[in-house]
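Biologist: I should like a close look at a single part of this structure, explained for a student in the first year. Please begin with the chain as a whole, and then turn to the sheet with the most to say about its surroundings.

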Amino acid sequence: MKIKELVVIIDFGGQYTHLIARRVRQLNVYSEIVPYDRADVETIKRMNPKGIILSGGPRSVYLSNSPKVDRCIFSLGVPILGICYGHQLIAYMFGGKVIKSKGEYGRAILKIYDKDDLFQGLDDREVVWMSHRDSVIEVPKGFKVLASTEVTPIAAFKSEVLPIYGIQFHPEVIHTPKGLRILSNFLFKVCKCKPTWKPADLVPQLIEEIKKKVKPDERVLCAVSGGVDSTTTAVLVHKAIGDRLVAVFVDHGLLRKGEPEFVVNTLRRLGLNLIHVDARKRFLDKLKGVSDPEEKRKIIGNEFIRVFEEVAKKIPNLRWLAQGTIYPDVIESGRIGAGSARIKSHHNVGGLPKSMKLKLLEPLRYFYKDEVREIARSLGLPDEIVKRHPFPGPGLAVRIIGEVNEEKLRIVREASAIVEEELKEAGLYDKVWQAFAVVGDDKWVGVVGDERKVGYIVIVRIVESIDAMTADWVRIPYNILDKISRRITSELENVTMVTYAITSKPPSTIEPC
Ligand code: XMP
């Protein structure tokens, strides 16, 4: 992808690195994350950034094995902003002093002494968010202190000769109310960027690139689930090569209420060359008697591969696989970032066996979810797809605790539909990240009329999140929860209790399995 102006974020493993990248893009400047161990000066020069941001990170700069940055990047003349660990690293590498201090966590008042550039337009005192144990206690020669807090005397500095800045606090989190202004000062006043980045503007370029890659006689396979990522991918590829794109929709029997019909109709309306595989029976047969979450995921993943192999064999000249991989997936899977521990073996429909030797097309691999939504809108995808909540590849199987069977499937499918309907009715559906029902094997004794009745427990889970890496449960008004509960127990056979899941991620995860 050719980008006119970009800011590079060098990642030292900080939990907010993605957030920094998103904030920069929010300010209409394209940003890319590069892990510190791949940020050699040649790579950075090739990327030709207008600015560089050094992220936070969990280590201590003064330890010999802590991540450092190629010293040569300081001589490129490109403006640099260090945040938290990045701030300490600049101080340390230029000869300042960083020590383990008593640390500062949470809200702090920043006293600002210099408002020439980074802090232009701010008040003398501003609220900022701190999260550090180490502190800079001496700035390097030629550096000047710009701000402090009660606990941290050197909360911001700048070099008096080079365009290099450090801030100990986190401007990217919402708890720093003027954080976006500080970042925008860095981008527009210091780096002289222009706020021109808009994901949808890149659509013609994305289409052109697909055209160039796929030869005129080659075909592309794309697994579509009806989610925004895979549908946008398929539409982009279709715009580039027409019916040489074969879209495959597999109904594994674990989809939401009305979903197969909706997806097939929508994709056909969008003009895609679609193969609809009804594989319900084979998936459900394979899942019989299996209750271990990872085992269920493995079975579904393998069966997907088998179904795709069968379809692929019948497509002549198939050379490519198009996947709706998005930026966080790329970073998380360690393909450009330092990989993190896998909590669940997530799979996306489309993981095909290597033996098929298909080349990968991933036109959305540099975009965040909200940017994909913008692209989708600009391609004319309907709102029902654009605003759809993410839905896991293994479908309702990860929302059924224990064995998947017809009865639990019916309960989870109907109850989820009620949750979605009530949120839509209340105008809340678009405001939350995901909302669904879960069912397990535990039973609750109920009373129906004068009869004792033992029924299932349905757990309602409604979360807000930015990128699913962390999430919080949504404080839904009681009257809506009440309506959801009443409808579930009255409309569904064999449900005698509805509960609401009130644990954030971490320590929990969003899906139960
Ligand atoms: P967890 O449960 O790990 O989920 O907090 C984080 C996000 O990922 C979705 N999810 C999946 N998505 N394939 C997917 O494409 C999967 O196997 C999968 N498992 C979980 C989940 O819905 C949430 O948005």
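Modeller: In this predicted model, the chain has 14 helices and 18 strands. Its radius of gyration is 26 Å, close to the 24 Å that the globule rule gives for 513 residues, so the chain is as compact as a globular protein of that length. Along the principal axes, the C-alpha atoms fill a box of roughly 75 × 65 × 40 Å. Of the 513 residues, 55% count as buried. Among contacts between residues at least 6 apart in sequence, 75% join residues at least 24 apart.

The part to examine closely is an open sheet of nine strands, in the order 2-1-3-4-9-8-7-5-6, with mixed pairing. Its edge strands are strand 2 (30-35) and strand 6 (125-138), each of which pairs on one side only. From one strand to the next, the twist averages 20 degrees.

Within this sheet, strand 3 (residues 51-54) pairs with strand 4 (residues 80-83) in the parallel sense, over three bridges. Leu54 has Gly82 of strand 4 as its bridge partner. Across strand 1 (6-11), strand 2, strand 3 and strand 4 lies helix 1 (residues 17-26), which runs at about 160 degrees to strand 2.

Leu54 also leads into the interior. In soluble globular proteins, nonpolar side chains tend to be buried together. The largest nonpolar core here has 68 residues, of which Ile10, Leu54, Val69, Ile73 and Val220 touch the most other members. Helix 6 (residues 228-241) gives the most to this core, with seven residues. Apart from this core lies another, of 53 residues, with Ala312, Ala437, Ile462 and Ile480 among them. If neighbours within four places in sequence are left aside, the contacts of Leu54 include Ile10, Val69 and Ile73, three residues that are likewise named among those touching the most other core members. Leu54 is also in contact with Phe12, Phe74, Ile80, Leu81, Ile83, Gly86 and Ile90, as well as with its bridge partner Gly82.

Elsewhere in the model, Lys97 lies in strand 5 (residues 97-112). At 41% relative accessibility, Lys97 counts as partly exposed, because that class covers values between the 20% limit for buried and the 50% limit for exposed residues. Not counting residues up to four places away in sequence, Lys97 touches Ser135, Val136, Ile137 and Glu138. Lys97 and Pro79 are 18 residues apart in sequence, and their C-alpha atoms are 22 Å apart in space.

Helix 6, already met as a contributor to the largest core, has a further role in the packing of helix 7 (residues 259-269). The buried residues of helix 7 pack against helix 6, strand 11 (245-251), strand 12 (274-278) and helix 12 (383-386). These buried residues are Glu259, Pro260, Phe262, Val263, Val264, Thr266 and Leu267. Just after helix 7, Gly271 takes a positive phi of about 90 degrees.

Strand 11 and strand 12 belong in turn to an open sheet of five strands, in the order 12-11-10-13-14, with parallel pairing. Strand 12 and strand 14 (359-361) stand at its edges with a single partner strand each, so one side of each is left without a neighbour in the sheet.

Terms used. Residues numbered from 1 in each chain as written. Predicted model: local features only at pLDDT ≥ 70, side-chain atom pairs only at ≥ 80, totals over all residues. Heavy atoms only, no water. Pairing = 2+ DSSP bridges. Helix = DSSP H or I, 4+ residues; strand = E, 2+ residues; numbered from the N terminus. Axes fitted to C-alpha atoms, helices over the stretch in contact; angles between N-to-C directions. Contact = heavy atoms within 4.5 Å. Core = buried A, V, L, I, M, F, W, Y, C linked by side-chain atoms within 4.5 Å. Buried < 20%, exposed > 50% of the residue type's maximum accessible area, 1.4 Å probe, protein only. Rg over C-alpha atoms; globule rule 2.2 N^0.38 Å.
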